[in-house]
Amino acid sequence: MQLQDILYSQGFGTRRVCAGLVQHGWVETARLGQGASFSPCTDASLEFDTADLRLRIQGVEWQYHAKAYVMLHKPAGTECSQKPSTYPSIYTLLPAPLRQRPCKSAIQGVQAVGRLDQDTTGLLLLSDDGQFIHRMSSPKKHVPKIYRVRAKHPVDELQIAKLLEGVVLDDDPKPVRAAACTFVDSHSLDLTLTEGKYHQVKRMLAAVGNRVEQLHRSRIGALDLPSDLAPGQWRWLSDEDLLRLTSVP
Ligand code: URA
């Protein structure tokens with residue numbers, strides 16, 4: 001693939017901008033492997049094999065990814081929208097190339113897999129792979145998500161039993177139930193859901209006479225939020241992470 005097309009595919013701007021980056025000498029390349037050193041490349045049409053290419057753009061290394069799959073530790077006080085109404089957008093926490101990746105020849109960037117409320121924290125996935133987003137967010141796929149709930153009032157056996165049996169939410173007569181619900185301490189529980197209705201956890205807790213004070217998503221499929229990923233930080237998903245996400249039926 002030509003260097004300008006590689007940069008374009010990674011979200012470094014239009015093809016013209018990418019060609020300009022190269023012509024200015026701001027792009028360095030190296031081969032994967034020990035001892036390979038970076039050297040500037042000023043020919044935007046030079047062909048490279050992306051399988052063993054390392055890139056450095058304006059002094060910052062960029063790992064080539066044909067498709068982007070990332071996780072973000074969503075902090076409280078952020079909105080999962082490109083056009084937020086009140087709080088800063090989660091997309092501002094991502095580097096510009098992830099926000100500018102082209103998708104079907106339009107610059108759209110990665111999209112969040114589902115949404116979390118502004119006050120919810122925890123694991124959020126983002127990708128530019130439409131099939132992956134659909135697979136992870138479709139209610140038909142039943143991907144389990146675990147939420148740690150901090151409740152206003154003490155949680156008891158009866159509330160847990162009701163959450164497992166199913167509760168009716170105001171907009172749908174069909175009961176929704178937790179796939180699992182475990183007691184953590186007097187005011188906390190871990191709730192596993194396999195669907196993602198609007199404000200679902202908050203509405204389920206309200207339906208059993210309690211109230212969510214804090215909400216944190218700790219796991220999607222078999223992928224845990226890593227303990228070393230601080231709020232506001234993002235990371236590429238590894239092949240192993242992707243397997244963990246998709247291996248749970
Ligand atoms: N359920 C909620 O109520 N809020 C979230 O952010 C996620 C699940």
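Me: How many bridges does the antiparallel pairing of strand β11 and strand β12 run over?
Reply: This is a predicted model, where local features need pLDDT of at least 70 and side-chain atom pairs count only at pLDDT 80 or more, while totals for chains, interfaces and linings use all residues. Residues are numbered from 1 along each chain as its sequence is written, and side-chain values use heavy atoms, with hydrogens and water left out. Strands are DSSP runs of E with at least two residues, helices are runs of H or I with at least four, and both are numbered from the N terminus; two strands pair if DSSP finds at least two bridges between them. β11 covers residues 167-169 and β12 covers 172-176, and the antiparallel pairing runs over 2 bridges.

Me: Which residue in β12 is the bridge partner of Val167?
Reply: β11 and β12 make a hairpin, with 2 residues between them. Within that pairing, the β12 residue that bridges to Val167 is Val176.

Me: What is the strand order in the open sheet of 4 strands?
Reply: Start from the edges: β2 (39-40) and β4 (60-62) each pair on one side only. β3 (residues 53-57) pairs with β4 in the antiparallel sense over 3 bridges, and Ile57 stands opposite Val60 in β4. The pairing in this open sheet is antiparallel, and the order is β2-β1-β3-β4.

Me: At about what angle does helix α1 run to β3?
Reply: Angles here run from 0 to 180 degrees between N-to-C directions, with axes as lines fitted to C-alpha atoms, for helices over the stretch in contact. Helix α1 (residues 3-10) lies across β1 (27-31), β3 and β4. Its angle to β3 is about 75 degrees.

Me: Why is α1 described as largely enclosed by the rest of the structure?
Reply: Look at the burial of Leu3, Gln4, Ile6, Leu7, Tyr8 and Gln10, where buried means under 20% relative accessible area, exposed over 50% and partly exposed in between (1.4 Å probe, protein chains only). Their cover includes α2 (15-23), β1, β3, β4, α3 (96-99) and β6 (102-103). Helix α1 counts as largely enclosed because its buried share is 6 of the 8 residues.

Me: What phi does Gly11 take, just after α1?
Reply: Gly11 comes right after the helix, and its phi is positive. The value is about 95 degrees.

Me: Asp43 sits in a loop, but is it buried or partly exposed?
Reply: The loop in question runs between β2 and β3. Asp43 touches Leu3 and Val22, leaving aside residues up to four places away in sequence; contact means heavy atoms within 4.5 Å. With a relative accessibility of 35%, Asp43 is partly exposed.

Me: Which residue's side chain makes a polar contact of 2.9 Å with that of Asp43?
Reply: A polar contact is a pair of N or O atoms within 3.5 Å; within protein, one must be able to donate a hydrogen and the other to accept it, and residues adjacent in sequence count only if both atoms are side-chain atoms. At 2.9 Å, the side-chain partner of Asp43 is Ser45.

Me: Which side chain joins that of Asn210 in a polar contact?
Reply: Asn210 is in the loop between α6 (200-207) and β15 (212-220), and its relative accessible area of 6% makes it buried. Not counting residues up to four places away in sequence, it touches several residues, among them Ala151, His153, Pro154 and Leu205. The side-chain polar contact, at 3.1 Å, is with Gln159.

Me: How much of the ligand's accessible area does the protein cover?
Reply: The residues around the ligand, each with a heavy atom within 4 Å of it, include Leu116, Asp117, Tyr147 and Lys202. A ligand oxygen atom is 3.3 Å from a polar backbone atom of His199, and a ligand nitrogen atom is 3.1 Å from a backbone N or O atom of Val201. On its own the ligand has 240 Å² of accessible area (Shrake-Rupley method, 1.4 Å probe; for residues, only the protein chains shown count as cover). The part covered by the protein is 95%.

Me: What positive phi does His199 have?
Reply: His199 lies in the loop between β14 (188-193) and α6. It is partly exposed, with a relative accessible area of 28%. Although it is not a glycine, its phi is about 50 degrees.
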